[in-house]
Every structure is written in structure tokens, then in C-alpha cells.
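Q: Please take a close look at one buried part of this model and explain what surrounds it. I am new to the structure, so spell out the terms as you go.

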Amino acid sequence: MSVSRFPAERRHTLYHCDEIRASAPVFLDTEVDMSRIQEHRAEARRAGRRYSVVSYVLKASGSVLAAHPEANAAIRGRLRPKVARYATVGGKVTLDKTLGGRRVVLSSVVPRLEQSSLDDVQQYVDRLRDGDPETMPEFEAVRKLHRLPVPVGRTLFRLATRSFAHRPELRGTVAVTSLGHRAVDSFHSVGGTTVTLGLGRIVDRPVVRGGAVVVAPVMRLSLAFDHRVIDGAEAADVLSELKDFLEGYAPEAAPETAAAGEADVAEPAAEEPSGEPAAQEEVVHEAVDARDPASPAPST
């Protein structure tokens, strides 16, 4: 047996796990026929474009969560609990990265999903996937957090991530995490948001169409929701509408327009000035690649 100090590169994971203990997660899941998505991806590849399955789910989340403000929300406080509902949808996506020579999970928020095209989302995801976490500005706060003594870092992390104003930019209003690049059919995760979506791999499975059994590419989609904020009926509506969006995906219903530049980071919701420091966090336990669920994990 060997005992060593907790690695500094994973302190943000430790702080995040501490912070989500107050949540009351309930778990749902469904199977999604990904035929339309796979057809669109194949057409895009022939045209020289590449779309990640994660990007489609982020796009779907922007559309669905914007229609469910009760689920696009955050809670704070025990004695006097308050709930903040957001007009914009920030999608937290997790990434399998190497930082300081150690494999870690990092996260960043794709802003304004409700008004972003699929190309906007994919451009943002590509930059996160391909960037160097040692130098990317999105991860500057978490790098600073690692250099602080644990008591100080834990306190600053708690102050920043509990702020309603900073929630959309730091924690997002929905979390999307994927393990579909490995032989994982489904999993459930708690991302510190009211709704967390988990993507499994896409595999051929039997489905029924018009009374006949056919083989189709199917993905298992899980949804964890914080029961303090919404109830099961609302969460079931969100999951069902996400399934409908993905199964009925049509470019003409969700047109893609190439972004002229990087997506802007959403402005935080109005709140009393806090002066609280920014910090990064991650989806608990899962080391996830923001690539195609069918693609191999990146080498680290």
C-alpha cells in the first residue's frame, strides 16, 4: 500500500463533489433512435463538415430548456431557499484532458444555446476539444485554484459557484456529459445543475417501426434532475422533448449557419454585486471526451 497527498490537479473535482452533496438527484433514462442524426452527420462528412453527437444534444438542450424555465434554474439556501430562473441556456460540457501530467475532467460552458446554430455549438466544442488546458483562458481559474491551499481553494470555489449571477457562466444551467466513446451503454451523473444529461454509446438495436422490427442506431440518454427544483413530471417532459428533437432532427427545422467568430460568453443574470472570484468545476466522477460518442478517447 502507498499513501500520497491528494493531487492538486484534481482539487476542483474534490470541491465540486463537496458542493453537490446538498442536491436531491432523481434519475430517468430513455432510448433515442439516432437514425436522423447519423444520416445528417454522414451528409455533413461528405460535404467536409464534422458534427459531434454531443453538439446535437447541446443544441437540443438549448431548444428544450428554453421552453422549460422551471428546469432551466438553480437553487440556493437551506433556511431561506431561493430559486433563480434563467432566460438563457448555458450548456456545461465535460472534457477528458491532461493537466500537469495528470488525466483529469475539466468543463466549460457553451453559452446561449437557445440562440446558437449547430455550427456555432460545434465550433465552440471543437475549440474546447482541441485546445491546450495548460494555456486556454477557459481554464485559467481552475489552474489558479490548484495552486491555492486547500482550505482557501475550497472556500473560494464555494463562494463562486453558489452565486446566482455566476451560475450560467461557471456551472451552466444544464450539464451534458458523454461516455459514448467507450463501451458504455448508459450512466447517470450529477453535474451541479438542475438537469444533467448523460450520453451512452450509439449501437445497432432492434426498434419497431410501423409494426415491424428493424435495426437502427440507438443511444441511451439519461437525465438526472434535482428534486428540490423540479418534480418528475417536468423532468419527464424535458427528457421526452429531447428524445423527440433528436429523433425528428431536420436541418430545415434547426438551420445551421456558420459562425463568423467564436460564440460570446453569456452575461450573468443581474444580481447584487458580489465581488466573488470565478472558479471552474466539473461533472462529478466522469472523465468525458467532448467528441463523437463513437470515437476513441483521446490519448493522454
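A: Apart from neighbours within four places in sequence, A60 is in contact with L242, F245 and L246; contact means heavy atoms within 4.5 Å. The model is predicted, so local features need pLDDT of at least 70 and side-chain atom pairs count only at pLDDT 80 or more, while totals for chains, interfaces and linings use all residues. Residues are numbered from 1 along each chain as its sequence is written, and side-chain values use heavy atoms, with hydrogens and water left out.

A60 lies in helix α3. Helices (H or I, at least four residues) and strands (E, at least two) are DSSP runs, numbered from the N terminus. A60 is buried, with a relative accessible area of 0%; buried means under 20%, exposed over 50%, and partly exposed in between, with a 1.4 Å probe and protein chains only. Its C-alpha atom is 8.6 Å from that of L113, although the two residues are 53 apart along the chain.

The three residues that A60 touches lead to helix α8, where A235, V238, L239, L242, F245 and L246 are buried. These buried residues cover an arc of only 125 degrees around the axis, which puts them on the same side of α8. The arc is that of the directions from the helix axis to the C-beta atoms. On the face turned away from this buried side, α8 carries the exposed residues A233 and D244. The helix runs over residues 232-247, and its 16 residues should span 22 Å at 1.5 Å a residue, which agrees with the 22 Å between its end C-alpha atoms. The expected span is 1.5 Å times one less than the number of residues.

What does the buried side of α8 pack against? Its buried residues pack against β1 (25-33), α2 (35-46), α3 (53-66), β7 (195-209) and β8 (212-226).

L246 also has a place in the largest nonpolar core, which has 51 residues; L197, M219, L221 and L246 touch the most other members. α3 gives the most to this core, with eight residues. A nonpolar core is a set of buried Ala, Val, Leu, Ile, Met, Phe, Trp, Tyr and Cys residues joined through side-chain atoms within 4.5 Å. In soluble globular proteins, nonpolar side chains tend to be buried together.

M219 can be followed further. Beyond four places in sequence, its contacts include V53, V57, L199, R201 and L246.

R201 is found in strand β7. R201 is partly exposed, with a relative accessible area of 29%. The side chain of R201 makes a polar contact with the side chain of D185 at 2.7 Å. Such a contact is a pair of N or O atoms within 3.5 Å; within protein, one must be able to donate a hydrogen and the other to accept it, and residues adjacent in sequence count only if both atoms are side-chain atoms.

α3 and α2 appear again beside helix α4 (residues 118-130), since what covers the buried residues of α4 includes α2, α3, β4 (91-99) and β5 (102-110). Among the buried residues of α4 are L118, V121, Y124, V125 and L128.

For the wider setting, the chain has eight helices and eight strands. Of its 300 residues, 51% count as buried.
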